[in-house]
2 protein chains.
Amino acid sequence: MKVALLAHEKFPDRAKTAVGVLRYADYDVVAVLDRNNDGTRVSDHVPDVQDAPVVASMSDVPDDVDALIVGISPIGGAFDESWRPDVRNALERGCDVFSGLHYFLGEDEEFAELAAEHGAELWDVRKPPEDLGVADGVVDSVDATVVATVGTDCSVGKMTATRELYEAAREEGLDAAFVATGQTGILIEGEGIPIDRVVSDFAAGAVERMVLEAGADHDYVFVEGQASIVHPAYSGVTASIVHGAQPDHLVLCHEAGRDSVHGYDQQLPPVESFVDRYESFAGPVADADVIGGMLNTRGVADDEAAREAVADFADAIGAPADDPVRFGPDTVLEVIR
Amino acid sequence: MKVALLAHEKFPDRAKTAVGVLRYADYDVVAVLDRNNDGTRVSDHVPDVQDAPVVASMSDVPDDVDALIVGISPIGGAFDESWRPDVRNALERGCDVFSGLHYFLGEDEEFAELAAEHGAELWDVRKPPEDLGVADGVVDSVDATVVATVGTDCSVGKMTATRELYEAAREEGLDAAFVATGQTGILIEGEGIPIDRVVSDFAAGAVERMVLEAGADHDYVFVEGQASIVHPAYSGVTASIVHGAQPDHLVLCHEAGRDSVHGYDQQLPPVESFVDRYESFAGPVADADVIGGMLNTRGVADDEAAREAVADFADAIGAPADDPVRFGPDTVLEVIR
């Protein structure tokens with residue numbers, strides 16, 4: 001499937017979804033829309049992902065594109081009206097539009113009409129299914145090995161770590177599944193449930209349903225974690241994933257140098273304390289142990305310093321660790337398989 | 001305000017909301033609807049609450065009733081069609097109907113039409129407001145002393161303990177507020193937000209908003225807890241309340257003899273472990289300590305055995321404890337004030 005990625009004025013550093021799709025999705029990305037970087041290429045900005053031209057608008061994208069993906073998410077998940085011509089252009093040519101915004105494109109009157117008129121699909125990935133229920137607490141019944149990522153904070157690399165573990169497992173011939181719980185993961189995988197948008201009572205149940213389905217067909221299930229158990233706003237999402245997934249193993253994700261909660265006036269507890277925090281939180285529901293760590297070293301200048309940071313992190317948590325992007329996920333995968 | 005309580009076939013033991021309203025609400029209860037107990041009185045079933053006749057249907061209720069409250073909540077929160085004539089009768093005489101069901105009466109075509117026609121209000125207390133947002137993590141900024149109840153499981157008496165503490169505080173002349181987070185608490189208080197129905201991302205934010213509002217006007221804020229940090233389905237709700245409220249103090253609620261999660265095949269950890277569980281969970285967000293315990297001894301035969309159970313519970317958690325219904329909440333209130 002050929003896709004274009006909308007990332008106006010934010011590519012690449014504030015376009016987490018766009019970069020995730022470029023790195024991990026099976027889609028063939030034919031263009032990135034960023035009016036501030038018109039005329040450059042993806043490879044001018046991000047190494048090691050598929051390349052594509054950066055263009056100013058949807059009208060610069062070849063006709064055979066199948067879908068436009070909104071690859072950025074402003075705080076609050078609002079729709080920026082400056083994107084309207086691009087979405088309109090896509091729909092008018094029958095091109096589907098996928099979005100992870102809180103603002104649902106399917107409920108925008110103009111977009112809904114254009115989509116119907118031109119046979120295009122509007123997929124609001126952040127809209128959970130209507131038929132969710134409470135968790136039964138029965139994930140233990142699946143034979144699959146369930147691995148969930150957990151983190152010290154938001155945006156430390158849980159989706160990336162999960163995706164890298166999943167892909168590496170598949171490459172080694174393991175029968176692995178990826179359970180997507182957030183918009184980027186869902187856009188990459190093509191399915192999943194945005195747990196942060198599920199009503200609290202059903203959040204663990206939604207995770208349980210996905211893990212049961214994936215576990216019925218696969219030997220290894222990698223569950224994308226969200227937020228953090230110490231987050232002042234989102235710890236409920238984390239709790240629902242850890243208890244809903246009833247994991248066998250946890251992988252602790254952290255970003256080198258992160259010492260406070262992003263966007264909040266709150267210090268993070270020492271990284272080593274998170275092993276016991278997550279294990280004792282999970283304990284009454286699932287006997288899960290932190291079997292490895294993933295350190296995001298994007299802010300560390302060179303590989304040598306990054307290796308040192310990873311070694312320190314491994315020491316702190318008392319488990320093997322790696323940077324899944326810089327060095328690959330094999331050290332941790334080795335413990336899981 | 002004069003109210004009738006619908007509790008067909010469930011009064012009193014499986015009518016938690018009806019009994020809560022009888023015990024704590026300012027409403028004048030003029031009748032309880034229970035077709036299985038027609039002709040009896042509330043005092044035949046429940047001591048120490050306001051008395052009222054038990055009748056078979058809404059047509060037996062005096063004309064001057066202001067509201068019918070659905071005082072039972074079947075598993076799943078469905079509407080039982082056998083109640084339809086009662087709700088219809090209420091609306092046709094212009095009597096408001098309040099409900100904590102998952103099934104929203106306001107979205108029932110017949111009820112919505114009858115309410116509009118007769119000027120009656122349909123209040124679905126389980127429907128959260130539309131304008132919620134993420135928590136800012138700023139409850140620390142209020143001067144009020146914030147006390148949240150937490151529990152070892154669902155239905156151990158958190159709402160009751162919170163309400164008893166709040167009422168005892170008011171009786172002592174303290175300027176106290178009650179923050180309702182579930183349907184029974186909301187029906188009693190007349191306002192609040194059902195946190196279990198709020199999307200996960202905004203659950204802590206909804207609690208924070210209520211605590212900030214209450215804390216601006218009062219010296220003590222008593223926050224009704226929900227579920228339990230070890231619950232396989234609802235721990236996300238608990239997490240959002242503990243972090244959203246940023247409490248100064250926690251009161252641990254438990255039911256004597258409860259040793260497994262109600263409705264689940266899961267043992268509860270030792271009750272003494274909950275002190276550290278809740279304090280270390282709250283810790284990174286709020287420096288909250290478990291300053292007391294509330295033991296529900298409804299299953300304990302006599303007062304002497306109940307006193308022993310309370311003493312054992314206090315020993316286990318290393319803090320003063322009481323049964324707020326059997327013996328009153330003063331032992332714990334003493335520590336808070």
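Which residue follows α2(A), and what is the sign of its phi? This question is taken up in point 3, after a note on the model and on the strands against which that helix packs.

1. The structure under review is a predicted model. Chain A can be superposed on chain B by a turn of 180 degrees with a shift of 0.0 Å along the axis, leaving an RMSD of 0.1 Å. The two copies are therefore related as by a two-fold rotation axis. Both copies use the same surface, since 100% of the contact residues of chain A recur in chain B.

2. Strands β1(A) and β2(A) pair in the parallel sense, with five bridges between them. Leu6(A) is placed opposite Leu33(A), a residue of β2(A). Strand β2(A) is mostly covered, five of its six residues being buried.

3. Helix α2 of chain A spans residues 84-92, and its buried residues are Arg84(A), Asp86(A), Val87(A), Ala90(A) and Leu91(A). These residues cover an arc of only 165 degrees around the axis, and therefore lie on the same side of α2(A). In an α-helix there are 3.6 residues a turn, so residues three or four places apart point the same way. The buried residues of α2(A) pack against the strands β1 (2-6), β2 (28-33), β4 (67-70), β5 (96-99) and β6 (122-124) of chain A, and also against helix α3 (109-118) of chain A. As to the opening question, α2(A) is followed by Gly94(A), whose phi is positive, near 80 degrees.

4. According to the UniProt annotation in an unreviewed entry, residues 134-332 of chain A are covered by "domain: D-glutamate N-acetyltransferase-like C-terminal". Within the model, this span is 39% helix and 16% strand, and its end C-alpha atoms are 32 Å apart.

5. Chain A also contains an open sheet of six strands with parallel pairing, in the order β8-β9-β7-β10-β11-β12. The edges are formed by β8 (176-179) and β12 (321-322) of chain A; each has a single partner strand, so one side of each is left without a neighbour in the sheet. Helix α4 of chain A (residues 158-171) packs on this sheet, where it touches β7, β8, β9 (220-223), β10 and β11 (289-296) of chain A. The direction of α4(A) makes about 165 degrees with that of β8(A).

6. Within that sheet, strand β7 (residues 145-151) of chain A runs parallel to strand β10 (residues 249-255) of chain A, and five bridges join the two. Gly151(A) has Cys253(A) as its bridge partner in β10(A).

How values were computed:
Residues are numbered from 1 along each chain as its sequence is written. Chains are lettered from A and ligands numbered from 1 in the order in which they are written. This is a predicted model: local features need pLDDT of at least 70, side-chain atom pairs count only at pLDDT 80 or more; totals for chains, interfaces and linings use all residues. Side-chain values use heavy atoms; hydrogens and water are left out. Two strands pair if DSSP finds at least two bridges between them. Helices (H or I, at least four residues) and strands (E, at least two) are DSSP runs, numbered from the N terminus. Contact means heavy atoms within 4.5 Å. Axes are lines fitted to C-alpha atoms, for helices over the stretch in contact, and angles run from 0 to 180 degrees between N-to-C directions. Copies are superposed by least squares on the C-alpha atoms of residues with pLDDT of at least 70 in both. Buried means under 20% relative accessible area, exposed over 50%, partly exposed in between (1.4 Å probe, protein chains only). The arc is that of the directions from the helix axis to the C-beta atoms. UniProt positions are given in the numbering used here, feature names are shortened, and annotations may be inferred rather than shown by experiment.
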